[in-house]
Amino acid sequence: MSKRILVHCGLGKTGSSALQVKFSQGREAMIEKLGLDYIKAGAFEDQAQGKISSGNGVQFAKSYLPPRNPSSLQHRQEEFTKDILSRIRATPHDVLLSSEFFSALPVPDMADLVGELSREGSVELMYFVRNQASLLASGYMQKVKRHGEQGLLEDYFEQWVKQRHQNFYYKRFTKLREALPDVPTHIRRYESSLDHPHGILGVFLSAVGRDPSVDLGVPDLPVNTSPSPLELRLMIEMNRFKPRMQFSDMLVEASAEAGRSTIHSEHSILPPEIRQKLKETYDVDNEAFFREFFDTENLYEIETDVDFIDLNTLTFEPNEVVSIIGGLMIKMDNRIAALEAAERRRRK
């Protein structure tokens, strides 16, 4: 029987970081219970420590990006391809590769990558998609949180929509199907994981024909959570001082523990005029996508009449400032204590 090679391609902001942490930390359980090996490659060790990374296939995927892409490692394509193929060959199990950079590949380059993998087994592709409105909001939050963004969402939107040609799902997956007609491609909605009894991992395992209820022995901890509008506005102001990434991580962790990080799921930071532009841009493609690939009505019709939190005019109540800064200070104090304890252990 041919070895199955499952390639989880993202898309970005669809739970990829959480899945990759579970894949790496639960690797032995997946091998034992599912016969599926999340091979040790790429950023495996970072994920095993619960860190945000881009999967065990990150370098392999980047080596197939065209040179015009700033993340391209095409000059090392032969090296990374040889390494991945040898690791696949070395395991007796089906193989799982994951990286959101797979979704950044133009279709011809993805076809080349699949062709190389097909030398070692039967390749299947796995994608998650997400409503473009929440994708935009989540992407902007990530930009503020981890990349020092100082502009407001209106400034970010124009750049985002020009670069996000991959979010035309009907066009994307139609081209992919035409280029790889014999390669099974599993497409699932990220939103379906919110109601699934086993979350994003359960949706993934069901899609690839594995038991979604399997216990990997990995705690269900939040990974790469988004800030609330309060923290978001604070980060925008503080990014001018160029804080380290750990600063924003601690801020968001404190927000989640205080129960504020759920606010963004109930309200929208997208102004009505931006939602209208998203609707004009994506609704027709979404209608074709759901009709063709899900045989249903458009589940991603962009809503324009929603609650709106305006980051431009958002103000802080004194008790909110105390809560935010207090939570951050405690996180920093705990971090200092941990570093001091590590230094004492080192000196013994």
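How are α9 and α14 oriented with respect to each other? In this predicted model, the axes of helix α9 (residues 169-179) and helix α14 (residues 272-293) come within 7 Å and cross at roughly 45°. Angles from 35 to 65 degrees fall outside the parallel and perpendicular classes and count as oblique, and α9 and α14 are therefore oblique to each other. On the α9 side, the residues that take part are Tyr 169, Tyr 170, Lys 171, Phe 173, Thr 174 and Arg 177. They meet Asp 285, Asn 286, Ala 288, Phe 289, Glu 292 and Phe 293 of α14. Sorted by class, this contact is made of six nonpolar, two polar and four charged residues.

Helix α14 turns up again around helix α8 (residues 153-163), where α7 (132-147) and α14 are among the elements that cover the buried residues. Those buried residues of α8 are Leu 153, Tyr 156, Phe 157 and Trp 160. Looking down the axis of α8, they fall within an arc of 110°, so they line one face of the helix. As for the spacing, an α-helix has 3.6 residues a turn, so residues three or four places apart point the same way. Turned away from the buried side of α8 is a face that carries the exposed residues Asp 155 and Lys 162.

Just ahead of that helix there is a loop to look at. Leu 152 sits in the loop between α7 and α8, and with a relative accessible area of 17% it is buried, the cut-off being under 20%. Setting aside neighbours within four places in sequence, Leu 152 touches Tyr 140, Arg 233, Ile 236, Leu 311 and Asn 312. Ser 103 is another matter: 49 residues separate it from Leu 152 along the chain, and the C-alpha atoms of the two are 27 Å apart.

A second loop residue can be read in the same manner. Asn 239 lies between α11 (229-238) and α12 (245-258), again in a loop. Its relative accessible area is 6%, so Asn 239 counts as buried. Apart from neighbours within four places in sequence, Asn 239 has contacts with Val 144, Gly 148, Glu 149 and Gln 150.

Now for the strands. Five of them make up an open sheet, in the order β2-β3-β1-β4-β5, with parallel pairing. The edges are taken by β2 (36-37) and β5 (185-189); each has a single partner strand, so one side of each is left without a neighbour in the sheet. In general terms, strands of a sheet pair through backbone hydrogen bonds, either parallel or antiparallel. At the β2 edge, two bridges link β2 to β3 in parallel, and Asp 37 has Val 95 in β3 as its bridge partner.

Strand β1 (residues 4-8) pairs with two strands. To strand β4 (residues 122-129) it is joined by five bridges, the two running parallel, and here Leu 6 stands opposite Glu 124. With strand β3 (residues 94-98), β1 pairs over four bridges, also in the parallel sense, and His 8 stands opposite Ser 98. How many of the five residues of β1 are buried? Four are, so β1 is largely enclosed by the rest of the structure.

Definitions and conventions: Residues numbered from 1 in each chain as written. Predicted model: local features only at pLDDT ≥ 70, side-chain atom pairs only at ≥ 80, totals over all residues. Heavy atoms only, no water. Axes fitted to C-alpha atoms, helices over the stretch in contact; angles between N-to-C directions. Parallel < 35°, antiparallel > 145°, perpendicular 65-115°, else oblique. Contact = heavy atoms within 4.5 Å. Nonpolar A, V, L, I, M, F, W, Y, C, P; charged D, E, K, R; others polar. Buried < 20%, exposed > 50% of the residue type's maximum accessible area, 1.4 Å probe, protein only. Pairing = 2+ DSSP bridges. Arc of directions from axis to C-beta.
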